[in-house]
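Here is a small set of exercises for you to try with a structure in front of you. Have a go at each task before you read its solution.

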Amino acid sequence: MIYTTLQLVLVSIAATSAMTWFSYAMSKSFRELYKEPVLLGYAIDKMKIDLSTQSKITWGWLLHYVIGFLFVVGYHIVWVKNIAPISPLSALLLGAISGVIGIISWIIIFSMTHHQPPIDFKGYYIQLFFAHVIFAIVAAALYSISLTLQNY
């Protein structure tokens, strides 16, 4: 149980970091705000939660990584219940599903908070989809490696 928890935490940190790196690279490349932790911080601000600016930024990052952990827990369940194998194809499928979930979630977040950042929403959602595919590929690869290490 302890190994599995540590495994899921480490896999989720690496996969979320890879996804975040991609989003930051796309932000820079397209000169758009595609940074999920920053957008989460702005969403927290729009909810009128009484926190300092630094706390909102910190919570944005923390929420981003917690959500990544929850996605990895979902993948873990899919893999241990043999719903799908740990493979490149299932990683692509899980990434695509996660991407759609991410897009729908952000549509809801922007709607609930009435936050309309000055971004290209179509571009944001496209990069978000691919960021989740990268997330799932990294998660599947590292999860698979961690299972191999567990057997030694």
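The exercises below look at a predicted model.

**Exercise 1. Find the angle at which helix 2 and helix 3 pack, and name the kind of packing.**

Step 1. Locate the two elements: helix 2 covers residues 36-46 and helix 3 covers residues 53-80.

Step 2. Compare their axes, which lie 7 Å apart and make an angle of about 125 degrees.

Step 3. Name the packing. Angles of 65 to 115 degrees count as roughly perpendicular and those over 145 as roughly antiparallel. The angle here fits neither class, so helix 2 is oblique to helix 3.

Step 4. Add the handedness: the two helices make a right-handed crossing.

**Exercise 2. List the residues that make the contact between helix 2 and helix 3, and sort them by class.**

Step 1. From helix 2, take Glu36, Pro37, Leu40, Gly41, Ile44 and Asp45.

Step 2. From helix 3, add Lys56, Trp59, Gly60, Trp61, Leu63 and His64.

Step 3. Sort them, and you should get 6 nonpolar, 3 polar and 3 charged residues.

**Exercise 3. Work out which residues of helix 2 are buried and which helices they pack against.**

Step 1. The buried residues of helix 2 are Glu36, Pro37, Leu39, Leu40, Gly41, Ala43 and Ile44.

Step 2. Look around them: these buried residues pack against helix 1, helix 3, helix 4 and helix 5.

**Exercise 4. Decide whether Arg31 and Lys48 are buried or exposed, and describe their phi angles.**

Step 1. Place them. Arg31 sits in the loop between helix 1 and helix 2, while Lys48 belongs to the loop between helix 2 and helix 3.

Step 2. Apply the cut-off: exposed means over 50% relative accessible area. Arg31 has 78%, so it counts as exposed. Lys48 has 73% and is therefore exposed.

Step 3. Read the phi angles. Most residues other than glycine have a negative phi. Arg31, though not a glycine, has a positive phi of about 55 degrees. Lys48 is not a glycine either, and its phi is positive at about 60 degrees.

**Exercise 5. Describe the surroundings of His132.**

Step 1. Find His132 in helix 5, which spans residues 121-150.

Step 2. Check its accessibility. Buried means under 20%, and His132 has a relative accessible area of 6%, so it is buried.

Step 3. Look for a polar partner: a polar atom of the His132 side chain lies 2.8 Å from the backbone oxygen of Leu128.

Step 4. Leave aside neighbours within four places in sequence, and His132 is in contact with Met19, Phe71, Gly95, Ser98, Gly99 and Gly102.

Terms used:
Residues are numbered from 1 along each chain as its sequence is written. This is a predicted model: local features need pLDDT of at least 70, side-chain atom pairs count only at pLDDT 80 or more; totals for chains, interfaces and linings use all residues. Side-chain values use heavy atoms; hydrogens and water are left out. Axes are lines fitted to C-alpha atoms, for helices over the stretch in contact, and angles run from 0 to 180 degrees between N-to-C directions. Helices (H or I, at least four residues) and strands (E, at least two) are DSSP runs, numbered from the N terminus. Angles under 35 degrees count as roughly parallel, over 145 as roughly antiparallel, 65 to 115 as roughly perpendicular and the rest as oblique. A crossing is left-handed if the near helix is turned anticlockwise from the far one by less than a right angle, and right-handed if clockwise. Contact means heavy atoms within 4.5 Å. Ala, Val, Leu, Ile, Met, Phe, Trp, Tyr, Cys and Pro count as nonpolar, Asp, Glu, Lys and Arg as charged, and the others, Gly among them, as polar. Buried means under 20% relative accessible area, exposed over 50%, partly exposed in between (1.4 Å probe, protein chains only). A polar contact is a pair of N or O atoms within 3.5 Å; within protein, one must be able to donate a hydrogen and the other to accept it, and residues adjacent in sequence count only if both atoms are side-chain atoms.
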